[in-house]
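Thanks, everyone, for making the time this morning. I would like to take you through one model, and I will try to keep what comes from a record apart from what comes from the coordinates.

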Amino acid sequence: MTLYNIARRVLFSMNPETAHAVTMANLDWVVHTGLHKLITHMPDEDPVTVMGVRFPNTIGLAAGMDKDGTRVSAFGGLGFGHVEIGTITPLAQPGNPKPRLFRLIPAEGVINRMGFNNEGVVQVLENLRSADAFRLRGGVLGINIGKNAVTPIENALSDYVKCLDAVYDHADYIAVNISSPNTKNLRTLQGEGELDHLVKGITEKRADLKAQRNGKHVPIAVKLAPDLENDEILRCVDTLMKYGIDAVIATNTTIGRKRVQGLLHAEETGGLSGAPLRERSTEVVRLVAEHVKGELPIIASGGVMSGADAVEKMEAGAQLVQLFTGFIYKGPALIAECSEAVAAWRRSQQKR
């Protein structure tokens, strides 16, 4: 039994949200003292430029793990090339009532209905001192933004613009979350008229900020749901390209339960992540890649549980890969495994 398997056994004996809090509370000192080196190692650099930004490797931490930006350098110390914090909202909010996080262990899945619990953009920016060391050594910081639960959906743009304004000088890229199933009506923002209005407003605000900052361009990525029909996904992608969005994140969690039927907690509401999402998420990456033909970078997120899974995302057309649930089930060693598998795959492509 590996050391992480022992740690996982302890963590999995706890309520999932408690286990997450324990992990976050201890991460800094574990990385600072080098204890993590007992279970993983720092992958060699395998730099890639995406959205005009240099990433030290292709593997990143998806949003949702470090919601408040308190442990960015610690996660970077585990080997992530980029860390995406959030989702953050203009005002602090507690999120949905507990319990709201569930493990589906036989399927290597997680269901969450957290609901954008976060300390609010002002406090999160204070917390981002945690990112200084990571960024100094070339790590990339993404900030994922959303809307407050109390903001009417028709006023959503105002929340995204407030967050964009606040984080513009602090992010290497900004991710726009319109696809979480855990904020009422949020996914309707992917509708044709709604998405056009939102993306137009966001890119117009960025143009203003850019003009005020001597042309400083902060890339924006938009995260889409896997539950849209394929033609709807492509319609969304066309809208993103029309307004100059820099990348698409494919995908968020799924409300589908086909692959976990009959399992304990399978009927809980919320977004399902992990291994059951892998196939559909990869399908969306491939669909988008074939449609955009290299003109819009794809950040793949969903069900990466091994180095082979990460390579599968790249083969489907992704430029970057993010981990979340795989990190919970497999531990920090998964980061180097994925980074090195993708690096080997990229080398093999160059030889062709």
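I will begin with the annotations, then turn to some backbone details, and finish with a pair of helices.

Please keep in mind throughout that this is a predicted model. According to the UniProt record, which is an unreviewed entry, residues 48-339 are covered by the annotation "domain: Dihydroorotate dehydrogenase catalytic". In the model that span is 35% helix and 19% strand, and its end C-alpha atoms lie 12 Å apart.

The same topic brings us to the annotated site. The UniProt annotation "active site", again from an unreviewed entry, covers Ser180, and in the model this serine is placed in the loop between strand S8, residues 173-177, and helix H7, residues 192-212. Is serine 180 buried or exposed? Its relative accessibility is 6%, which is under the 20% cut-off, so serine 180 counts as buried. If we set aside residues up to four places away in sequence, serine 180 touches Phe116, Leu186, Arg187 and Asn252.

Let me move on to the backbone. As a general reminder, most residues other than glycine have a negative phi, and most peptide bonds are trans. Against that background, glycine 86 and threonine 87 are joined by a cis peptide bond, with omega at about 15 degrees, and threonine 87 belongs to strand S4, residues 82-88. A cis peptide bond also joins lysine 98 to proline 99, here with an omega of about -5 degrees, and proline 99 lies in the loop between S4 and strand S5, which covers 101-104.

Next come two residues with a positive phi. Asparagine 214, although not a glycine, has a phi of about 55 degrees, and its place is in the loop between H7 and strand S9, residues 220-224. With a relative accessibility of 81%, asparagine 214 counts as exposed. Histidine 265, likewise not a glycine, has a positive phi of about 80 degrees and is found in the loop between strand S10, 247-250, and strand S11, 271-274. For histidine 265 the relative accessibility is 29%, and it therefore counts as partly exposed.

I would also like to point to asparagine 127, which is located in helix H4, residues 121-127, and which counts as buried at 15% relative accessibility. Which residues does asparagine 127 contact, once its neighbours within four places in sequence are left aside? They are Asp68, Gly69, Thr70 and Glu119. Although asparagine 127 and aspartate 68 are 59 residues apart along the chain, their C-alpha atoms are separated by 7.0 Å.

Finally, the helix pair. Helix H10, residues 307-316, packs with helix H12, residues 333-350, at an angle of about 45 degrees and with the axes 8 Å apart, and the two helices are therefore oblique to each other. The crossing of H10 past H12 is right-handed. On the H10 side, the contact is made by Gly307, Ala310, Val311, Met314 and Glu315, while H12 contributes Leu334, Glu337, Cys338, Ala341, Val342, Trp345 and Arg346. Sorted by class, this contact of H10 with H12 has 8 nonpolar, 1 polar and 3 charged residues.

That is where I will stop, and I am happy to go back to any of these places on the screen.

Notes
Residues numbered from 1 in each chain as written. Predicted model: local features only at pLDDT ≥ 70, side-chain atom pairs only at ≥ 80, totals over all residues. Heavy atoms only, no water. Axes fitted to C-alpha atoms, helices over the stretch in contact; angles between N-to-C directions. Helix = DSSP H or I, 4+ residues; strand = E, 2+ residues; numbered from the N terminus. Parallel < 35°, antiparallel > 145°, perpendicular 65-115°, else oblique. Left-handed = near helix turned anticlockwise from the far one by under 90°. Contact = heavy atoms within 4.5 Å. Nonpolar A, V, L, I, M, F, W, Y, C, P; charged D, E, K, R; others polar. UniProt positions renumbered as here; feature names shortened; annotations may be inferred. Buried < 20%, exposed > 50% of the residue type's maximum accessible area, 1.4 Å probe, protein only.
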